[in-house]
Amino acid sequence: MAKKSRLNKELGLFDVFAISTGAMFSSGFFLLPGLASQYTGPSVFLAYLVSGVLILPAMFSIAEISTALPRSGGAYFFLDRSLGPLLGTIGGLGTYFALMFKTAFAIIGIGAYASFFWEVPVKTIAIMGTLFFMVLNLFGAKKTSGLQNFFVSFLLVVLGTFIIDGLYNIFFTDRIDVPKANEHFRPFFTNGFEGMIITAGFVFVSYLGLTQIASVAEEIKKPERNIPLGMLLSLAVTGLVYFLGVFVMVAVIEPSEFGNDLAPAATAVKKIFNWMPGDLGAYLMTGAAMAAFASTGNAGLLSSSRYPFAMGRDKLFPENFSKVGKKGTPVQAILLTTSFILLFILVLSEEGIAKLASTFQLLIFMFINFSVIVFRNSKIESYDPGYRSPLYPYMQVAGIIISLVLIAYMGWMSILFTAAIVLVGVLWYKYYARFRVQREGAIFHWFALLGKYQYAELENEFLSIIKEKGLRQGDPFDETITRARITFNEKETDFPQLLNYVSGIFSAEMHVKKEELIKEFLTVSAIEPALVIPEVSILFAKKEGIDHPSLHIVLSEKGIGKSVEKNGISSEDYIRVFFFLVNPSKEPRQQLRMLSRLIDIIERDNFINEILGMKSQRKIKEYLLHNERYITIQLLPGTVQAEMIDKQLKEIKFPSEVLVALVERESATFAPNGNTRLLENDILTVIGEPKSISQLYNRFMNV
């Protein structure tokens with residue numbers, strides 16, 4: 001992909017947690033409780049809990065696909081690659097508008113809470129806030145998330161204090177009645193089961209922050225760990241605060257006031273923070289509310305702007321929206337999104353925004369749950385999630401049913417609006433995108449009858465994503481390199497002879513049939529075009545009954561003739577570097593990650609000349625290892641490392657998580673064990689975690 005459309009990976013675990021949590025703690029806590037209580041009464045706090053449980057299937061599905069395909073655009077990208085560009089267009093436009101509605105709703109909240117104490121025009125404050133967040137987003141995701149982290153930290157401290165103080169007053173003092181004696185809790189369900197379901201759907205918008213993580217997945221470091229963990233922590237914390245916080249509001253605010261209160265948290269805090277002088281408690285909660293709305297507005301603009309960026313990159317939007325500015329941000333996408341948010345602030349009401357956002361998002365969640373089923377059944381090997389949804393497929397089926405039920409209760413106006421967005425998406429695809437896009441989704445890989453529409457490049461695209469994600473914790477790439485057999489071929493030979501020779505060595509080592517290995521090496525797979533690199537050949541096989549990968553590297557200065565095929569065109573190439581990789585058949589996706597890492601190395605500048613210029617096996621293996629994960633130490637007299645001379649390896653204290661993988665002695669290279677005695681002039685290759693390697697460097701080299 002062109003560099004101009006690549007986003008920087010700057011976001012860590014706390015950034016993920018802060019973006020998701022900050023996006024949820026705003027309207028859901030500070031604006032919606034009173035409005036939502038009109039549908040179900042005092043049981044509104046239970047509706048928040050129900051809504052949090054109902055979003056679990058969508059959260060698990062989003063986490064799975066995000067770790068497999070960490071790409072900007074979130075729901076759009078998922079739907080496009082699973083169900084095809086038509087549904088991708090509908091999902092992208094719809095989710096884009098849903099997130100912008102929620103963002104506009106949140107930014108209006110800044111003005112609403114500001115007007116609680118000061119005579120200021122609500123929408124003027126909202127417009128100023130939008131422009132501020134626009135400028136902040138133009139300077140980069142990390143700067144945006146830095147402010148987000150501050151907002152969320154401050155918010156959690158204030159809300160934690162509010163909940164603890166409120167629960168203490170309710171259950172341990174006489175100031176506020178306990179629920180069984182509190183008239184505010186009667187009648188508990190004002191509209192029965194239907195009212196509870198309507199309310200759960202209405203407050204569903206409170207949890208939409210989870211989707212914002214998917215839309216910035218491309219900018220998250222270690223996505224396979226940070227995305228599911230950040231989402232789970234965020235949902236747990238948010239759900240608990242909603243449940244307890246709204247419970248406190250119900251207990252302290254008169255029901256007749258609560259239903260029309262646009263600042264219920266500030267009203268509640270006036271009644272319980274009486275230990276603070278004057279209106280300090282109310283001012284503190286107002287500050288927390290404004291921080292919450294600011295964090296949602298900030299995160300909302302960040303994540304929603306990635307939709308036109310991603311769709312522009314895929315030609316569903318004008319390509320200009322995919323361009324990245326000098327600060328590594330999608331400038332035109334941010335400006336477009338800001339314009340829409342300003343329009344919504346000026347023309348829409350608060351309750352209308354909430355319902356519209358919730359209804360369309362429910363439809364998108366239904367599609368996302370179905371997408372997981374499609375990806376799993378497509379058998380695309382390069383679909384390689386670092387996190388897999390539990391209870392598949394029952395979790396996804398439950399998520400689809402939940403979405404359908406909640407949509408049915410959201411009212412005709414919301415349903416008609418959702419239908420209108422779907423229609424706009426269909427028309428946009430038919431008259432603009434269809435002529436520019438030539439791909440289909442993974443669903444065509446699932447159904448054999450649709451096989452003629454399969455999009456072969458999908459495997460290659462997913463493989464390129466695996467390469468960007470890198471190796472997973474526990475992948476034995478370094479160990480495979482250190483154990484690799486290297487052959488320097490200096491005599492005339494042809495490819496069949498070489499294949500027979502290498503397969504014979506593997507056969508003897510692994511106790512498998514040579515003929516089966518040859519057949520496996522020659523089998524053409526869907527990812528084959530991605531492995532075609534001039535003068536290099538990567539051949540791979542999977543076998544049962546072996547417990548670790550094995551690699552054989554063959555270097556030929558003259559080159560060995562081998563037929564190659566790419567994009568349907570066959571030709572002959574003289575291969576100078578061969579990689580033969582055999583993996584356990586139970587780890588097909590680990591093999592893809594290993595292959596992707598090899599491709600990453602092969603694509604280094606001047607790879608062929610550099611590796612052929614090395615005549616030492618140690619140097620070749622070091623060249624193939626991660627730079628930050630190995631160190632070479634030579635045992636020379638008169639140096640710090642001389643202390644290891646004439647000692648057995650097991651007698652030497654190394655940092656944790658390192659391994660002496662190779663010893664080079666008098667031009668011979670071997671893998672040592674604990675009893676190996678080290679001699680003067682030995683060269684050790686040590687591999688391990690970057691922190692431990694850094695400790696070794698400081699101990700032996702940085703002197």
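**Figure 1. Pairing of strand β6 with strand β8 in the predicted model.** Valine 658 has glycine 688 of β8 as its bridge partner. The two strands, β6 (residues 658-665) and β8, run antiparallel and are joined by six bridges.

**Figure 2. Pairing of strand β5 with strand β8.** Strand β5 (residues 630-634) is likewise antiparallel to β8, with five bridges between them. Within this pairing, isoleucine 633 is located opposite leucine 684 of β8.

**Figure 3. Burial of strand β8.** Because six of the six residues in β8 (residues 683-688) are buried, the strand is largely enclosed by the rest of the structure. Its two faces are both covered. One side carries Ile683, Thr685 and Ile687, and the other carries Leu684, Val686 and Gly688, all of them buried.

**Figure 4. Salt bridge between arginine 81 and aspartate 314.** The closest N and O atoms of this pair are separated by 2.8 Å. Arginine 81 belongs to helix α5 (residues 75-83), whereas aspartate 314 sits in the loop between α15 (306-313) and α16 (331-347); the contact therefore ties together parts that lie 233 residues apart in sequence. Arginine 81 is buried, at 2% relative accessibility, and aspartate 314 is also buried, at 12%. The model contains 21 salt bridges in total.

**Figure 5. Salt bridge between aspartate 384 and arginine 472.** The two side chains meet with an N to O distance of 3.2 Å. Aspartate 384 is found in the loop between α17 (350-378) and α18 (394-408), and arginine 472 in the loop between α21 (457-469) and α22 (477-483), so the pair links parts 88 residues apart in sequence. Aspartate 384 is buried, with a relative accessibility of 2%, while arginine 472 is partly exposed, with a relative accessible area of 22%.

**Figure 6. Salt bridge between arginine 576 and glutamate 535, with a salt-bridge network.** For arginine 576 and glutamate 535, the closest N and O atoms are 3.4 Å apart. Arginine 576 is part of strand β4 (residues 569-584) and glutamate 535 lies in the loop between α24 (514-522) and β2 (536-543); the pair therefore ties together parts 41 residues apart in sequence. At 16% relative accessibility arginine 576 is buried, whereas glutamate 535, with a relative accessible area of 27%, is partly exposed. In addition, Glu224, Asp384, Arg472, Asp475 and Arg593 form one network through salt bridges that share partners.

Notes: Residues numbered from 1 in each chain as written. Predicted model: local features only at pLDDT ≥ 70, side-chain atom pairs only at ≥ 80, totals over all residues. Heavy atoms only, no water. Salt bridge = Lys/Arg side-chain N within 4 Å of Asp/Glu carboxyl O. Helix = DSSP H or I, 4+ residues; strand = E, 2+ residues; numbered from the N terminus. Buried < 20%, exposed > 50% of the residue type's maximum accessible area, 1.4 Å probe, protein only. Pairing = 2+ DSSP bridges.
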